[in-house]
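Colleague: I would like to learn how to read a model like this one, feature by feature. Could you take me through it?

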Amino acid sequence: MATAVRPMMGRGTPQPLATAEEHRMEDSFLLRPFPNEDVYFHVKKIDNTRVVRAADPEARARGWKAIGIVSIAAMLLIGVLLPGAYGLLAGYQVHQLKQEQQALMAEQQALRLEAELLTSPRQLEQWAERHGLSDPKPEKVIHLGTPKGSLAYHKTGTGN
Amino acid sequence: MNPKNITQNRVRWIARVSLLGFALIFGRLIQLQILDHADLLQQARTQQVKTVEVQAPRGTIFDRNGRPLAMSVPVDTVIVNPQRIPDRGVAAEILAKILGLDQDELTRRVETAFKAGRGYLVVKKHVNPEEANRLKHLNLEWVEFRPGARRYYPNGSLAAHVVGSVNHEQEGDAGLEQGLNDELQGHTGVVRMTTDVRRRGFNTEIDSAMMSGQDVRLTIDRRIQHVAERSLAKAVIDHNCKTGSLVVMNPHTGELLAVANYPTFDPNLPVQGPDDMAGRRNLAVVAPFEPGSVFKVFTIAAALETTNLTPDTVINCGRGVINLFGRIIHDHDPYSALSMADVLAKSSNIGAIQVGLRVGEQRLHEYVKRFGFGDQTGLPLPAESSGRVFRLSRWTKSSIGSVAMGHEVLSTTVQLAQGAAVVANGGLLVRPRITVAGPAAGAIRNVALVEDKGQPVRAIKPETAITMRQLMEGVVLRGTGRAARLDGYSSAGKTGSAQIYDEETKHYTHKYNASFMGFAPVANPALVVVVTLNGASKYGGAVAAPVFREVAGAALRILDVPRDLPDQLTPAAEPEQPANDVAIAELGRPMLTEPIGPKPAPPAPDPNAPVLIGPRVPDFSGKTMRAVLEESVALGLKVRFSGKGVARAQDPAAGTVIAAGEPVRVQFAR
């Protein structure tokens, strides 16, 4: 990056090559210096021992305030967006449940139809004939007490 | 250049480029959000929002016990988009295998639709749930399922004429399906469903709410209906009749417990043509006929109310001939004189005419109307006939004689049941009804209340009704309706045999509308049964009364009505009676010079039968204890009595030759 920046610096920039040339002239057996060696290997000693951080008693408060504002903003944002998200998810769920309900109702109707087909009077009559069953004659029916809603006025004989 | 200037220059350029970029974005936003907003919104809705029609489930029709007679089952219609099918041959193979279709035929259809550029092809309508599930599990994106419903009649032809049927658009085209179509059908709803990219719905907005069809609960009892249809069909076939109809009704509430017709049809099958459509008419409601002798009940009821005639009043029957305003009328049997009770029991035409003449035209017309004839009953069944009762101004001089014995009037089977119910319930005209309020046991929705019959109207006095019951019981005990006697129950009724008019030859034929109109038990009737057989060669007492016996007996047992006759003595099997009750039809036609109706040949005696010597047991049925005692003493019979009232049963049977000293047991009951 430093090399890339260098051509952009213009004429006013210092010439570190002069120092390297001088160094090479002193001893010809020395290796040729790296490009911008003085830049890369230059160590500037900075003494910060005398630097004293200025006391800022409101910094902590500002930090907490910022955290609070961001948290509240985040919560508000979530609060605003959450119902919509829940609504979306619930919409999917409701739609799925509706489909399931329709399928179950269709199945229920189909089963009810099947049950009715199997218990239709004609079907029952055929099965009864196969098993030698028939309607009882009136004298074979014994009424245990007068049934609710019965219309006959009087009862005669036995069994009525 | 000063480095500071260079930096500022660069910042300016960056700012300009950024501004330009934002300007472009902003411009695009204006284009999208304002200029093209409507078009884009429409496109988005087309992609995301699906308009779905929600079919209203058609209401279920229940019988009175909550058993469904007609129900709709959701079914799917399978549709494909031929343009999206990757391999049409394979697709046809899959679909044909699952849906049970002919593969070659389906391949041809798919190819034809593809070449025609169609994106919509109905593969099969109304697929059953099993087929639909198998196809759905394949997740084929080019297959679409359109929801619908199919009407099923689980009991087949049971009560088919009452329930009716629906056409291919699921709209009623016969019976109650047609008469109550608005209540049953409901209203289709429209919803807008928002879908995601996978076409999964997540939001639904209702444009118009769906309203389910209302359930209808009928008064029909499917067990009684089944017995009625079975007995009617057997009678029609056995006696080579053309058609038949039968009505079972509760006389107190007017509830129709069974309405049967023959021939019948299976409403599960589509209409095959005009003839098939005609066969779906409810004859008991739409087909009026001349009722014949059953109408004598109403003539005599009018006489009891408006004249000083009583059941014991002797009516001159003129030895079977009467000259009515220049027309000579013959009776079926040459009676010289009969009590009014016997006029009904023996169904004397001359006697009925004499009674009608005593009542008078105006009062007879009034009473015929009081019994509900000539007016629709108000059942919610399509094309109900009102029958026909001519205005008095249209009556000829001899009309009173015709009406008195059931001619020159037209009545439906339901109207006859309504009239008989007046006698059975103590004199009130109760309109018949086919629907009942209140939810059925199997109903999940509210039941439609579709009939409001109002309050019953008094037609005749209660004492007249009770007298008529006794007279009608006499018909069964000693008259033309002996075949209508029930095991374990008292019964009353009237037979009828009206000649059928041939429109082509313009003459009455020797085919009859054989009918029986009765009720049981006599003391407090639980039901009225009317049987009509069209085109019978025999009389009503011979062909229609046995149907009454079978249906009424079964219905009383099903309804759990306690018996009013003793258990021990089964009524003796009666020898077949000629039961000739033919009402002379051609009263208003050229005069008849000879009795109508074939006389049944007397049975040839069996030369090999053993000859018994001893007293022959008379018929005690319907007689009082005193009369039985007198008759038995005169014959030297030893009789054992039990019970009170009139003789209901006897053992041995009437006509049996018994050994001297052998007792005869006679059971009396009220």
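Modeller: Gladly. Let's start with a term: a residue is called buried when its relative accessible area is under 20%, and exposed when that value is over 50%. Keep in mind that this is a predicted model.

Colleague: Then is Cys317(B) buried or exposed?

Modeller: Cys317(B) has a relative accessible area of 0%, so this residue is buried. Cys241(B), at 11% relative accessibility, also counts as buried, because the cut-off is 20%.

Colleague: With cysteines on the table, how many disulfides does the structure hold?

Modeller: The general idea is that a disulfide is a covalent bond between the sulfur atoms of two cysteines. Here there are zero, counted over all chains.

Colleague: What does chain A look like in terms of secondary structure?

Modeller: Chain A has five helices and zero strands. Read from the N terminus, its elements follow the order α-α-α-α-α. Of the 160 residues in chain A, 9% are buried. The chain exposes about 14100 Å², and 63% of that area is supplied by carbon and sulfur atoms.

Colleague: Now to chain B. How do I read the surroundings of a single residue, say Val78(B)?

Modeller: Place it in its element, then check its burial and its contacts. Val78(B) belongs to strand 3 of chain B, which covers residues 68-80. With a relative accessible area of 0%, Val78(B) is buried. Leaving aside residues up to four places away in sequence, Val78(B) touches Leu99(B), Leu121(B), Val122(B), Val123(B) and Lys124(B), as well as Val127(B), Leu135(B), Val143(B), Glu144(B) and Phe145(B). Take Leu135(B) from that list: it is 57 residues from Val78(B) along the chain, yet their C-alpha atoms are separated by 9.2 Å.

Colleague: And which residues touch the most other members in the largest nonpolar core?

Modeller: That core has 80 residues, and the ones touching the most other members are Leu218(B), Ile300(B), Phe371(B), Met468(B) and Met517(B). Helix 17 of chain B (residues 413-424) gives the largest share, eight residues.

Colleague: Why does this core lie between two domains?

Modeller: Because both domain 2 (51-218) and domain 3 (222-440 + 449-583) of chain B give residues to this core. For a closer look, try Ile300(B): beyond residues up to four places away in sequence, its contacts are Met340(B), Val343(B), Leu344(B), Val355(B), Met468(B) and Leu471(B). Apart from this core lies another, of 37 residues, including Val236(B), Ala260(B), Ala536(B) and Leu556(B).

Colleague: Last topic: the backbone. What should I look for?

Modeller: Most residues other than glycine have a negative phi, and most peptide bonds are trans. Departures from that are what to look for.

Colleague: Where are the cis peptide bonds you would show me?

Modeller: One runs from Tyr262(B) to Pro263(B), with omega near 5°. Pro263(B) sits in the loop that links strand 12 (256-262) to helix 10 (274-278) of chain B. Another joins Ala520(B) and Pro521(B), where omega is about -15°. Pro521(B) is in the loop between strand 22 (507-520) and strand 23 (527-536).

Colleague: And which residues other than glycine have a positive phi?

Modeller: Asn240(B) is one of them, with phi of about 50°. Its loop lies between helix 9 (222-238) and strand 11 (243-249) of chain B. Asn240(B) counts as exposed, because its relative accessibility is 61%. Glu408(B) is another, with phi near 60°; this residue is found in the loop between helix 16 (399-404) and strand 18 (409-410).

Definitions and conventions:
Residues are numbered from 1 along each chain as its sequence is written. Chains are lettered from A and ligands numbered from 1 in the order in which they are written. This is a predicted model: local features need pLDDT of at least 70, side-chain atom pairs count only at pLDDT 80 or more; totals for chains, interfaces and linings use all residues. Side-chain values use heavy atoms; hydrogens and water are left out. Helices (H or I, at least four residues) and strands (E, at least two) are DSSP runs, numbered from the N terminus. Buried means under 20% relative accessible area, exposed over 50%, partly exposed in between (1.4 Å probe, protein chains only). Contact means heavy atoms within 4.5 Å. Accessible areas come from the Shrake-Rupley method with a 1.4 Å probe; for residues, only the protein chains shown count as cover. A disulfide is a pair of cysteine sulfur atoms within 2.5 Å. A nonpolar core is a set of buried Ala, Val, Leu, Ile, Met, Phe, Trp, Tyr and Cys residues joined through side-chain atoms within 4.5 Å. Domain bounds come from an automatic or database domain assignment.
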